[in-house]
Protein chains: 2
Amino acid sequence: MATPRFDIIGQAISDASRTRMLCELMEGRSFTNKELAGAAGITPQTATAHLRLLQHAGLVIAEKRGRCVYHRLSGPDVAQALEQLAAIAPADSLYRAQRRKAGGLAQVRSCYDHLAGPLAVAMTEALMSRGHLREKNGGFIPHAGPVWAQLGVDLPERAGRAPFARPCMDWTERRLHIAGPMGRQILTRALDAGWLHRPLHGSMRGRGLEVTPSGQRALHDILGIGAQLDQIIVSPKREEA
Amino acid sequence: MATPRFDIIGQAISDASRTRMLCELMEGRSFTNKELAGAAGITPQTATAHLRLLQHAGLVIAEKRGRCVYHRLSGPDVAQALEQLAAIAPADSLYRAQRRKAGGLAQVRSCYDHLAGPLAVAMTEALMSRGHLREKNGGFIPHAGPVWAQLGVDLPERAGRAPFARPCMDWTERRLHIAGPMGRQILTRALDAGWLHRPLHGSMRGRGLEVTPSGQRALHDILGIGAQLDQIIVSPKREEA
DNA sequence: TCAACACTTCGCTGCAGACCGCAGTGTTCT
DNA sequence: AGAACACTGCGGTCTGCAGCGAAGTGTTGA
């Protein structure tokens, strides 16, 4: 008694099916019961039970709209805690490399409300190497300049209590990328400007993002990312049954 | 497949007994099998199984010394991730208030390698209100001054990549306190100077810390913490069966 | 009004694992 | 050498729960 109840949340994320659901939800969008059931490879009635559990643990929120029920993560703090957790290497860190090779996780993807994966890391490091961004005491500090407007970022006049550009550890790269309001603004711009889009057509569900030709140009012009992109965009056509 | 294995770590922390063990270990010290079994209210052979599981998940490390086996958290990142997790309010946030009332968790305690609980929060906020410390972009930035030497803190000449004073969310207070190297140095000073000590004599196991009279003087002289201390030190004599 | 659909509830089976008693191994101290 | 001690391994019981099929409720559209 009288201890923090890790176990409630732990129990909620202790199941592989629920983990798969949470991974879908980490994108930040809402999903229906059926979609999540499909993603986890289980029947809707089993998914219902899982989702009720996740809801009771405070990790997800359900919203009824017509005959559909949309589920989403209950907040950014949940996504952040899960990222943090995923960054801990479980005994054999082989699994990380395997996953990347398998291509099961998109190279370019969104993480709750910001961009993640190798592209996000490359962008962050380009910004730092070009002097637009500096890391200090565990926070990112931007230097005013025209890049930010190009990236759709509206710099605040003075730093508030809430971090504007929060460093976020990517658990495949184990390197930092930008989260927080700045991360959200960059993702918004990238989608609005057509630099990235969600491929809803191809493989079953549209996990991950694609860089469009105009996106490649923009990234090259603004951040000088060219060679890295080639490595990132090698589309993993290999689909294991 | 091909998803981050939350479930491995989740499964590791999904049990109430393991949660209790982890809470002990969050102090940052090493504990034997028997001690942890006692803390969790289970027999040593059951504890063995639990600890092997935690070890396999990469959360704890075992070290054999003589006929004893000492277990400890495998690193600060584990402690940080667990804190992050505990800060998520699980549905009914009543449980947090209850726990504080019950006094099951010490008001003054260490969290892995730094000070936590109401005292740590009060110290942090005193430092900020007195202008010694500033929060910016999710990091703490210290202003040079004599306070730091008094607190045993050796300020680095220039900020490195690793944050010197990392903000850490206290999950009982839901307010920030100081972790990272600075937090470690402050705790070290507090113990070395006899401001705090671990009461090994009293209730079964010495969870938590006690503020000594000299510690009260020091906190008053250096940070002006007086009234807050009275609220913090109301020793919870109530021991429920 | 009826069919199609999304989701939930219920009842059931099967498996994982938490827990302990008992016995065994290795270490320390007398 | 022998006793005390810390821990581990094994077998057993019992609870919890993931999973599905079948049936039920509420919503949408023809």
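**View 1. Helix 4 of chain B gives the largest share of the surface near DNA strand C.** That share is four residues. A residue is near a strand if one of its heavy atoms lies within 4 Å of it. Helices (H or I, at least four residues) and strands (E, at least two) are DSSP runs, numbered from the N terminus. The model is predicted: local features need pLDDT of at least 70, side-chain atom pairs count only at pLDDT 80 or more, and totals for chains, interfaces and linings use all residues. Residues are numbered from 1 along each chain as its sequence is written, chains are lettered from A and ligands numbered from 1 in the order in which they are written, and side-chain values use heavy atoms, with hydrogens and water left out.

**View 2. Both chains line DNA strand C.** Helix 3 (33-40) and helix 4 (44-56) of chain A each supply at least two residues of this surface, as do helix 2 (16-25) and helix 4 (44-56) of chain B. Of the 20 residues around DNA strand C, those that come nearest are N33(A), T48(A), T43(B), Q45(B) and H50(B). Sugar and phosphate make up 74% of the strand's atoms that come within 4 Å of the protein. By class, the surface near DNA strand C holds three nonpolar, eleven polar and six charged residues. Here Ala, Val, Leu, Ile, Met, Phe, Trp, Tyr, Cys and Pro count as nonpolar, Asp, Glu, Lys and Arg as charged, and the others, Gly among them, as polar.

**View 3. Phosphate oxygens of DNA strand C meet H50(B), K34(A) and T46(B).** These are polar contacts (pairs of N or O atoms within 3.5 Å). A side-chain N or O atom of H50(B) is 2.4 Å from a phosphate oxygen. K34(A) uses a backbone N or O atom, at 3.1 Å. For T46(B), a polar side-chain atom lies 3.2 Å away.

**View 4. DNA strand D has 19 residues around it.** The closest are T43(A), Q45(A), H50(A), N33(B) and T48(B). Again, sugar and phosphate account for 74% of the atoms of DNA strand D within 4 Å of the protein. The side chain of Q45(A) places an N or O atom 2.6 Å from a base nitrogen. A polar side-chain atom of R67(B) lies 3.4 Å from a base oxygen. T46(A) instead faces the backbone of the strand, with a side-chain N or O atom 3.3 Å from a phosphate oxygen. Two nonpolar, eleven polar and six charged residues form the surface near DNA strand D.

**View 5. Helix 3 of chain A has a buried side.** Buried means under 20% relative accessible area (1.4 Å probe, protein chains only). The buried residues are N33(A), L36(A), A37(A), A39(A) and A40(A). They lie on the same side of helix 3 of chain A because they cover an arc of only 160 degrees around the axis. The arc is that of the directions from the helix axis to the C-beta atoms. Their cover includes helix 2, strand 1 (31-32), helix 4 and strand 3 (68-73) of chain A. Just after the helix, G41(A) has a positive phi of about 75 degrees.

**View 6. N33(A) sits in helix 3 of chain A.** N33(A) is buried, at 19% relative accessible area. Beyond residues up to four places away in sequence, N33(A) contacts (heavy atoms within 4.5 Å) P44(A), A47(A), T48(A), L51(A), V69(A) and H71(A).

Technical notes. Polar contact = N/O pair within 3.5 Å; in protein donor to acceptor, adjacent residues only side chain to side chain. Buried < 20%, exposed > 50% of the residue type's maximum accessible area, 1.4 Å probe, protein only.
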